[in-house]
Amino acid sequence: MSTGNHTPHKKRQKKRIFRSRVKALGQPPGSLIHIGEQKVEQTGITAFGYDEGQAVAVEVKNVEECLGLKERFKVLWINVDGLHDTAVIGMLGELFGIDSLTQEDILDTGQRPKVEDFERYLFLSLRMLDFNRELNEITQEQLSIVLGPGYVITFQEKPGDMFEPVRQRIRSAASKLRKHDADFLAYALVDAVVDRYFSILEEIENRIDTLDSEMMADFSQEAFNALYAMKRELIIFRKTVWPLREIIGSITREDFDVVGEGVDPYFRDIYDHIVQVIDTIEVFREIVNGMHETYLAGVNNRMNEIMKFLTMIATVFMPLSFIAGIYGMNFKYMPELSFHWGYFTVLGVMVLIAIGFMVYYRSRKWF
Amino acid sequence: MSTGNHTPHKKRQKKRIFRSRVKALGQPPGSLIHIGEQKVEQTGITAFGYDEGQAVAVEVKNVEECLGLKERFKVLWINVDGLHDTAVIGMLGELFGIDSLTQEDILDTGQRPKVEDFERYLFLSLRMLDFNRELNEITQEQLSIVLGPGYVITFQEKPGDMFEPVRQRIRSAASKLRKHDADFLAYALVDAVVDRYFSILEEIENRIDTLDSEMMADFSQEAFNALYAMKRELIIFRKTVWPLREIIGSITREDFDVVGEGVDPYFRDIYDHIVQVIDTIEVFREIVNGMHETYLAGVNNRMNEIMKFLTMIATVFMPLSFIAGIYGMNFKYMPELSFHWGYFTVLGVMVLIAIGFMVYYRSRKWF
Amino acid sequence: MSTGNHTPHKKRQKKRIFRSRVKALGQPPGSLIHIGEQKVEQTGITAFGYDEGQAVAVEVKNVEECLGLKERFKVLWINVDGLHDTAVIGMLGELFGIDSLTQEDILDTGQRPKVEDFERYLFLSLRMLDFNRELNEITQEQLSIVLGPGYVITFQEKPGDMFEPVRQRIRSAASKLRKHDADFLAYALVDAVVDRYFSILEEIENRIDTLDSEMMADFSQEAFNALYAMKRELIIFRKTVWPLREIIGSITREDFDVVGEGVDPYFRDIYDHIVQVIDTIEVFREIVNGMHETYLAGVNNRMNEIMKFLTMIATVFMPLSFIAGIYGMNFKYMPELSFHWGYFTVLGVMVLIAIGFMVYYRSRKWF
Amino acid sequence: MSTGNHTPHKKRQKKRIFRSRVKALGQPPGSLIHIGEQKVEQTGITAFGYDEGQAVAVEVKNVEECLGLKERFKVLWINVDGLHDTAVIGMLGELFGIDSLTQEDILDTGQRPKVEDFERYLFLSLRMLDFNRELNEITQEQLSIVLGPGYVITFQEKPGDMFEPVRQRIRSAASKLRKHDADFLAYALVDAVVDRYFSILEEIENRIDTLDSEMMADFSQEAFNALYAMKRELIIFRKTVWPLREIIGSITREDFDVVGEGVDPYFRDIYDHIVQVIDTIEVFREIVNGMHETYLAGVNNRMNEIMKFLTMIATVFMPLSFIAGIYGMNFKYMPELSFHWGYFTVLGVMVLIAIGFMVYYRSRKWF
Amino acid sequence: MSTGNHTPHKKRQKKRIFRSRVKALGQPPGSLIHIGEQKVEQTGITAFGYDEGQAVAVEVKNVEECLGLKERFKVLWINVDGLHDTAVIGMLGELFGIDSLTQEDILDTGQRPKVEDFERYLFLSLRMLDFNRELNEITQEQLSIVLGPGYVITFQEKPGDMFEPVRQRIRSAASKLRKHDADFLAYALVDAVVDRYFSILEEIENRIDTLDSEMMADFSQEAFNALYAMKRELIIFRKTVWPLREIIGSITREDFDVVGEGVDPYFRDIYDHIVQVIDTIEVFREIVNGMHETYLAGVNNRMNEIMKFLTMIATVFMPLSFIAGIYGMNFKYMPELSFHWGYFTVLGVMVLIAIGFMVYYRSRKWF
């Protein structure tokens, strides 16, 4: 979950896996409370109305305007950015007959992805992911989609560029989108979300490659920590994508009133993509685990190198120093000391001993 | 399982995973025996009667009072704190037609969570969890819920504040609770229990964060032990929550007589929460495992640092000491000793050797 | 598998996971061969006949006596201790119409637990476990139960006290047992077996606690071996209990002729207990795995401590000895040697170097 | 897979998991090619014809003889040893109407165990395992069984003694085999194969016991390698037995034309045995894993011991040598040197230091 | 994925698990875009027309030619090498009525293997694997198969020799292929792809054997890295083959219009092969994991050897040097120094000490 740059306290910049529900605990079910941080100053509403002939984008000031648009166009897409203004969600809920349980789910940004069929509309709760290159972490945002007959309402926590391609296609008269119903729009939106997962996979693979070469260069604790952070991201990524498989699968299998049969193959396409994302995450996890093991083996080998070096130096010089120590003794009667070539003989013996050790080490392939 | 501060023996403060059934073994099935510790002095019974118009809370002295209340109100909630007075449970059982097998299950506080349908009532056995910040551990208590037509009876091991929000909502005339039947009350109670799981998840995440920074500061055995204790808590937490998934799932799927269809979406909501709790526990477990690996890598790296330091010092000074040893020998004929600059030449050679080693270490990035 | 104290060879006291079938291999199916050790001198048969009014216990000398008892009482329980006398099993088989395949299964004490429906009777093969405190290991014995209309025949490998509570309840006129049919007796017997599993869990938890404190005191190889033995016991315990889940589950689900519907809730109770046993074994295994990791971390930390100590001593004294070595050289011209305070200056420098190292170690928190 | 002693090249004695199919690749399906090594000089065919009254064993020279035998006896068993003579298999196939796909499967000795129903016959492909005590490894051989009405044809890669007990039972007029149909013979053959699995389990347990004591004696690399080889054997054993569970399970569940209902309980017996084999393999794998961990812990502990010893010696003698070094310096003015008892005082101080270290090590339980 | 030798940038030679979809993101579904690298200069189209009587191979210049061939022969196989010329795929799509979603799937070379039924044709997306011996890695290529009534169209990324055996069989008048329909051709093609998997398994086993001996010779980091690369290959291999199981399984189970029943047993044969490939990959993975553990144990043992050697040398020479140091002290009064045999006595004591240590090490089996 992104915390943005404007969070005042150092402490809060710590990324959390689990979104605090403290505000909501102890409240009776059915109260509209926004669970999560306020990520934008003001709630912004944009409406897109279109059919095959025309397409209109309106900055909505007053929620009631939407009703007029709904009558004028075959498909109406209302996008809400920012969830802290619960009144707006309440009003939209009233206008479009959205159940109070759904409204609560929209506001509780710690939801597990899910799909719920309310017959007059379908409720989808997804997670939009993005990769923050500066922090090297995945940021999360909740996307709620209400798909009714002739309209789609999306709720995001803050404005973003994820749906820009969809908007462009709405504007283009030739696009398939303009010829299809609201269910196809819902498909296009979910597709845009899942496409972003692929970008994240690419970012992660790049990151893994970088880490791999960094790690091999020096087996530092920093490299390990980065590896571990990567593992953590993958765990959360998987946790987020996993439920989608079931959700999109149920859309293709079950007969929801608001999803026409013609759109089913498209959702099946998304299903295939999600399976591929999950597969790839699993492969990445196994690779990161392999890197972890390589790291440990590398650290071990380095230790081995160090110990070999210490042992080589120590085992050569200890006997030599001992010999020197012997002839440093002050005994009155030490006949060797008076031999004329005694000193050089001892030096020669020392060289021979050193060579002996070297030969031994070489034979054991220590260097 | 909480042992409280009043347990007299040091030995008993050891937290146990498995609750002794010794008292019950060898007894014929169907005998009312309280398995577990006595956690309160006296069994306390409170009754709440309410319907849309009115709400009454009574401290019950005599179990028979309950029958009168049951007739006066649409919904009656009887809460029993303390299980050692088996007579009370027996009397309540007789008044409300509770099966003797259910009565035994209420008294055996080591139960695995379960749901059992007795047609005239539904029996739910859950575990209320709480996080003891002083001991940094999760405490457990068994909650038994008997949901019959127009009444809910709850059995706790000791009084607590977990249901305070439910009580407040009963008191408030505007609350949904007052408009619904006994099944909604049961839902609200289970919801309160599951909400507490979320608080525990938050506590655990805080604890994980603390541990993470403590561990990184010094890779001490204490940090590891705390990590391991955390792991243990997560194992037990998961073991406790896991069966709930199946239990609440069966309530939403199956047609129990005492659970109206209108309450199903609410139980489905709890189901979603439980799945989220389980998911989060799994993520926590993987993160704690990752911390464990980081710890081991950190310890390994520290060892590496120490060995590098030892090797650097030892390999520099051993050859130097050896040279000093050579010129400490007492041979009669050692020509160098009489060279005027011999001493300073040797010192110079020593400095060169030391520099040589430094350059070598630097080239291998040892410091 | 218990080997008892009377096994003559040291070698045979080795506990085996897998019971030799060599005697049986190569034999045509359908031959009565006892696979396993002979655990008692003589096969002992006891019969209990009872109905609501009366109860009789008979030491059976002649197998034919049983038929008379069967006619006199509503329920007849024949218990056979010792399996090596295949003639006894053959005769009982003939009297009660037990299939030859069942007879073989009774004699093959290496059976996996199973249930088999032969319509006129139900065959249950279980494993009775016990905890041998001296050897700190779980001992196994096979229990075969043949449940027919109005009779239960049990086959044990040796006499034991596991069914003592059941016998007491038969003797007591007020017990439920006396009011029910043979299927309830079968339930009571299985319940006694499963209750013993709980005692074993308790023993294991005690053992884990002891091991935990022993291990923390010193990370010795002995502690590790004990841990590993514990792991092995848990593997075998789980392997033994696991199939029971399926077996008892099938009794509650399927309609066996000899098991009345009234007994189903009681078997469901056993099912719950078995699930709890399995859950607890899993938790124990995870805890033992955690202890294993703690052990390894502890050993690692100890090594770290040792290396730190060595490094501290070695790195302080090596430079100091080097300095002493320098002034031990015998060069003619070493001006410092003649300085009057040279010796004390060098001592002072040595103290400063030692202090410098201490400060460095302190700054890196080495002590 | 056994390679035998007669393989000429050292290289080929390497045991392979995967049997080369190179000869078969690129060939159209349906060509008769023998994949695998030629394990016998000549293909040998033996035929057993029997019914309740008589039994005949014939060494078949000409494949056509079989037809005559088939007419004379209720059950005909043709056993083929050696697969390289594809003509023999082709002729048998023609005589008994065996599909060309089946013939290929018989010849491809790298088959995964499977069952295939061709209505007029049932095709079973199994793996016969044996334990080679010299190489301490499991050898494999493929067994193909064609079970048709009134006949069983078995194809082995080389002659063996595995079916000796079956042959004996055919010869014995009193045996059950003589009274049953060909499906019972098929059962007896599969039973003989599975019985051998039990012998292998016993061999493995013996081997595990030996390894366990060897390993504990010295934690050598050899012991580890033997452990790892054992692990490898278990992996392959499991891979080989695992599919049998499904295969025999399907025989008991499905209605194959050539398997009568009366034989079902016998196949269910085999099924139970296979489940037990798989269970035991799993237990062995967990035990071997535990041994692996014990090995690592043992190696670690040894390292600890070594380091403790080194540290004790080094830390005692380094300060002592330093002191000796000090008084070996040649400063003109070193007052202690002229003290009469100086030498003995220093010796005393050294002894005190050594004792101090000893006390310290003892307090930390280093020895 | 193979990158070939002609890739200009060093960077791109890095093998990627995940194929970039950046070109495709943001594009409306249904646009024909080639995702993947351009692996050939020019798209090449070859057509094979055959029936029992005749067979013709044509180098197609103009896509329209195909229609004529389709009418002339019972079976037409069009093979397209190279996907970057989207116009060709578009035209073929138009001629044979291939859905635009299928066309996109053909061009997106990062597809997960899948089968899709479009009633008038069946679409299969597979991955052709090959083992690059120089890089010691598995290369991937996507194969798309469109199977319609009387025709098969295959799309490869670049020309290859994988289908050479199929081409030969088409040319041979006697081959089964010539007698069957297009579905049999599809089978033969998939069979050729799966056969190649077996070659890869063989290559991998050879590689594992080589690695095994290399690793045992010296436990170098290089050996470990090769092991880790092998692991990575196996992960990707498994990921690629795994979905095929489901795909081929569904062809044998479901009733696709374009797959006749007569071909089902052949596809079942492929299914068996795929299961065997997956099994073998799993076994290889376990073996590689075992090698990893052996590697770690080997490194550990080497470290042990080194430390033992260091300890032996250090602990012998430290006390000896200390003794030499003592008699190197310059105390005025050191009576031993003037003993005539003092020097030799000390040498003798030193030898005794050295022998003592040797005996001690020998008793602990250090050498």
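Trainee: Which residues touch the most other members of the largest nonpolar core?

Mentor: In this predicted model, Phe237(A), Phe237(B), Phe237(C), Phe237(D) and Phe237(E) touch the most other members of that core, which holds 369 residues. Taking chain B, and leaving aside neighbours within four places in sequence, Phe237(B) is in contact with Leu129(B), Ile138(B), Tyr197(B), Ile200(B), Leu201(B), Ile204(B), Val277(B) and Ile281(B). There is also a second, separate core of 140 residues, and among its members are Phe309(A), Val316(D), Val316(E) and Met318(E).

Trainee: What makes Arg285(E) and Glu286(A) a salt bridge?

Mentor: The closest N and O atoms of Arg285(E) and Glu286(A) are 2.4 Å apart, and the limit for such a pair is 4 Å, so the pair qualifies as a salt bridge. Arg285(E) lies in helix H8 of chain E and Glu286(A) in helix H8 of chain A, so the pair joins two chains.

Trainee: Why is Arg285(E) called buried, and why is Glu286(A) called partly exposed?

Mentor: Arg285(E) has a relative accessible area of 18%, and buried means under 20%, so Arg285(E) is buried. Glu286(A) has 21% relative accessibility, and the range from buried to exposed ends at 50%, so Glu286(A) counts as partly exposed.

Trainee: How do you know that Asp105(C) and Lys114(C) are buried?

Mentor: The relative accessible area of Asp105(C) is 6% and the relative accessibility of Lys114(C) is 7%; the cut-off is under 20%, so both residues count as buried. These two residues form a salt bridge, with the closest N and O atoms 2.8 Å apart. In chain A, Asp105(A) and Lys114(A) belong to a network of salt bridges that also includes Glu116(A) and Asp272(B).

Trainee: What makes the salt bridge of Glu282(C) and Arg238(C) a link between distant parts of the chain?

Mentor: Glu282(C) is in helix H8 of chain C and Arg238(C) is in helix H7 of chain C, with their positions 44 residues apart in the numbering. Their side chains meet at 3.5 Å, N to O, and at relative accessible areas of 27% for Glu282(C) and 23% for Arg238(C) each is partly exposed.

Trainee: Why is Leu352(A) called exposed?

Mentor: Leu352(A) has 60% relative accessibility, and exposed means over 50%, so Leu352(A) counts as exposed. Leu352(A) is placed in helix H9 of chain A, and together with Val351(A), Ile355(A) and Val359(A) makes a nonpolar surface patch of about 390 Å².

How values were computed. Residues numbered from 1 in each chain as written. Chains lettered and ligands numbered in written order. Predicted model: local features only at pLDDT ≥ 70, side-chain atom pairs only at ≥ 80, totals over all residues. Heavy atoms only, no water. Patch = residues over 30% accessible without salt bridge, like charges linked within 9 Å, V, L, I, M, F, W, Y side chains within 5 Å. Areas by Shrake-Rupley, 256 points an atom, 1.4 Å probe, with all protein chains shown as cover. Helix = DSSP H or I, 4+ residues; strand = E, 2+ residues; numbered from the N terminus. Buried < 20%, exposed > 50% of the residue type's maximum accessible area, 1.4 Å probe, protein only. Core = buried A, V, L, I, M, F, W, Y, C linked by side-chain atoms within 4.5 Å. Contact = heavy atoms within 4.5 Å.
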